[in-house]
Amino acid sequence: MNFATLLKPSAVKVLTSASSKKRLLHDIGELAFHAYDLDSGAVIDALQTRESLGPTGVGHGVALPHARLEGLDSVLGAFVLLDKPIDFNAVDRQPVDIAFALFAPENAGVEHLKALALVSRTLRDPSVCAKLRANPEPATLYTILTEAQATQAA
């Protein structure tokens, strides 16, 4: 499992319009549609259903919204950097400005967990998050994420 197989460069975006958690989930659904041709409505519904079970804001300004979707063959990701942090009901009550969404096949077990672990481990690194926040250009963000994994593996 690595970022290059999990995340397409076109699934990385900087958002200037997200003003709420609901709006962010909607924007992630639109990004999933444009990057992976997923049904944005199904993505939004699945993410909101998962959020109703408990918030996926993991702390330090990071959220990991995720959901299982019909018709997927592999785990896919979408990365969003927000220009203004929003309330996400995170465990540390801090606003979120980094969101990495994961979409998994309905029957994905270990692969979904490996993807969550990879993303969580990477975004727990304060230096990676600092680089992401300092570089609001999608191509640069993609490079930072893929290089962060290579650096951690070394």
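Colleague: Which residues in H3 are met by Lys21, Lys22, Leu25, His26, Ile28, Gly29, Glu30, Ala32 and Phe33 in H2?
Modeller: Happy to help! This is a predicted model, where local features need pLDDT of at least 70 and side-chain atom pairs count only at pLDDT 80 or more, while totals for chains, interfaces and linings use all residues. Residues are numbered from 1 along each chain as its sequence is written, and side-chain values use heavy atoms, leaving out hydrogens and water. With contact meaning heavy atoms within 4.5 Å and helices being DSSP runs (H or I, at least four residues; strands, E, at least two) numbered from the N terminus, the H3 partners are Ser40, Val43, Ile44, Leu47, Gln48 and Glu51.

Colleague: How many residues in the contact of H2 with H3 are nonpolar?
Modeller: Four residues of this contact are polar and four are charged. The nonpolar part of the H2 and H3 contact comes to seven.

Colleague: What is the orientation of H2 to H3?
Modeller: H2 spans residues 21–36 and H3 spans residues 40–53, and their axes lie 8 Å apart. The two helices pack at an angle of about 140 degrees. Angles under 35 degrees count as roughly parallel, over 145 as roughly antiparallel and 65 to 115 as roughly perpendicular, with the rest oblique. That makes H2, relative to H3, oblique.

Colleague: Is Asp27 buried or exposed?
Modeller: Asp27 sits in helix H2, and leaving aside its neighbours within four places in sequence, this residue touches Leu15, Ser17 and Ala18. The relative accessible area of Asp27 is 9%. Under 20% is buried, over 50% exposed and in between partly exposed (1.4 Å probe, protein chains only), so Asp27 is buried.

Colleague: Which residue in strand E6 is Phe3 paired with?
Modeller: Two aromatic pairs turn up in the whole structure, a pair needing ring centres within 6.5 Å, with planes under 30 degrees apart stacked, over 60 edge-to-face and the rest tilted. In the pair with Phe3, the centres are 5.6 Å apart and the planes stand at 65 degrees, so the rings are edge-to-face. Phe3 belongs to helix H1 (residues 3–6), and its partner, 97 residues apart from it in strand E6 (residues 96–105), is Phe100.

Colleague: Which residue forms one aromatic cluster with Phe3 and Phe100?
Modeller: Phe3 and Phe100 are both buried. The cluster that holds these two also includes Phe79.

Colleague: How far apart in space are Asp97 and Pro85, C-alpha to C-alpha?
Modeller: Asp97 is found in strand E6 and is buried, with a relative accessible area of 12%. Beyond its neighbours within four places in sequence, its contacts include Gly61, Arg133 and Pro85. Asp97 and Pro85 are twelve residues apart in sequence, and their C-alpha to C-alpha distance is 4.4 Å.

Technical notes. Axes are lines fitted to C-alpha atoms, for helices over the stretch in contact, and angles run from 0 to 180 degrees between N-to-C directions. Ala, Val, Leu, Ile, Met, Phe, Trp, Tyr, Cys and Pro count as nonpolar, Asp, Glu, Lys and Arg as charged, and the others, Gly among them, as polar. Rings of Phe, Tyr and Trp (its six-membered ring) pair if their centres lie within 6.5 Å; planes under 30 degrees apart count as stacked, over 60 as edge-to-face and the rest as tilted.
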